[in-house]
Amino acid sequence: MSNDNKKAFRFRYIIDKEFQFKFLLHYSLLFISGVTVTLGFLYWLNKSKFDGGAVFRLRQDAQIVYWKVENEDAGTGEEKFKYVPREIYLPNYDHQLNMYTIQFDAVVTLSVLYLALITIFSVFKSHKMAGPIYSIKRSLQKIASGDTIERIRIRKDDEFQELVDVLNEVIHKRLAIINKEQVDKK
């Protein structure tokens, strides 16, 4: 393999598509089922415990209301009560928010973030598994086709180190047998 191919191969993170996408699918399904259970629990909790717990936004425009107050300056024959205008901000019932809606938005936003993190993690983690499997598969295919046998090389932080060590031992013994047979033929 030339140096350019080695560099291009080293930075390819999707090596065995079927394996890595299954790996990603399993992580994603686990995550999505957890989110579904969480949202279901939040819905049940809000419906059964908090009676909907409504939260409203206040309107941006003030409403004029008249308050009935006692007229302390009232003389004889005058009304004892007067109406005083006051501005108040009322809830905007057109934009009702309840606790479930608030929690739902937060959970969905965090879920998208978590799903992105899981995707990145699973691609890198599966790369550490798919790379050695690819090398093992390639070496075994070479052995089966009768090509020259080489040691299996993987990075030290890859998975399946013990399996590669055992296979390299088998390859070493196979090479020793082949070399012995060649020496005996001469």
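**Figure 1. Phenylalanine 121 and its ring partner, tyrosine 27.** In this predicted model, phenylalanine 121 is partly exposed, with a relative accessible area of 43%. The structure holds three aromatic pairs. In one of them, phenylalanine 121 meets tyrosine 27 edge-to-face, with 5.8 Å from centre to centre and 80 degrees between the planes. This pair links distant parts of the chain, since tyrosine 27 belongs to helix α2 (residues 17–49) and phenylalanine 121 to helix α3, 94 residues apart. Tyrosine 27 is also partly exposed, at a relative accessible area of 29%. Look for Phe23 here as well: ring pairs join Phe23, Tyr27 and Phe121 into a cluster.

**Figure 2. Phenylalanine 31 and tyrosine 114, an edge-to-face pair.** Here the ring centres of phenylalanine 31 and tyrosine 114 are 6.1 Å apart, and the angle between the planes is 90 degrees. Because phenylalanine 31 sits in helix α2 and tyrosine 114 in helix α3, the pair ties together parts that are 83 residues apart in sequence. Is phenylalanine 31 buried or exposed? Its relative accessible area is 15%, below the 20% cut-off, so phenylalanine 31 counts as buried. Tyrosine 114, in turn, counts as partly exposed, at 40% relative accessibility.

**Figure 3. Two charged side chains over aromatic rings.** Lysine 68 lies over the face of phenylalanine 81, and the distance to the ring centre is 4.9 Å. A second example involves tryptophan 67: the charged end of arginine 86 sits over the tryptophan 67 ring, 5.3 Å from its centre.

**Figure 4. Arginine 138 in helix α3.** Helix α3 spans residues 99–145, and arginine 138 is part of it. With a relative accessible area of 30%, arginine 138 is partly exposed. How far apart in space are arginine 138 and isoleucine 152? From C-alpha to C-alpha they are 9.0 Å apart, with their positions 14 residues apart in sequence.

**Figure 5. The chain around these close-ups.** To place the views above, it helps to step back to the whole chain. Four helices and four strands make up its elements, and from the N terminus on they run α-α-β-β-β-β-α-α. The chain has 186 residues, of which 18% count as buried. Its accessible surface is about 14700 Å², and carbon and sulfur atoms contribute 59% of that. Among contacts with a separation of 6 or more, 66% come from residues 24 or more positions apart.

Technical notes
Residues numbered from 1 in each chain as written. Predicted model: local features only at pLDDT ≥ 70, side-chain atom pairs only at ≥ 80, totals over all residues. Heavy atoms only, no water. Helix = DSSP H or I, 4+ residues; strand = E, 2+ residues; numbered from the N terminus. Buried < 20%, exposed > 50% of the residue type's maximum accessible area, 1.4 Å probe, protein only. Contact = heavy atoms within 4.5 Å. Areas by Shrake-Rupley, 256 points an atom, 1.4 Å probe, with all protein chains shown as cover. Phe/Tyr/Trp six-rings, centres within 6.5 Å; stacked < 30°, edge-to-face > 60°. Lys NZ or Arg CZ within 6 Å of the ring centre and 35° of its normal.
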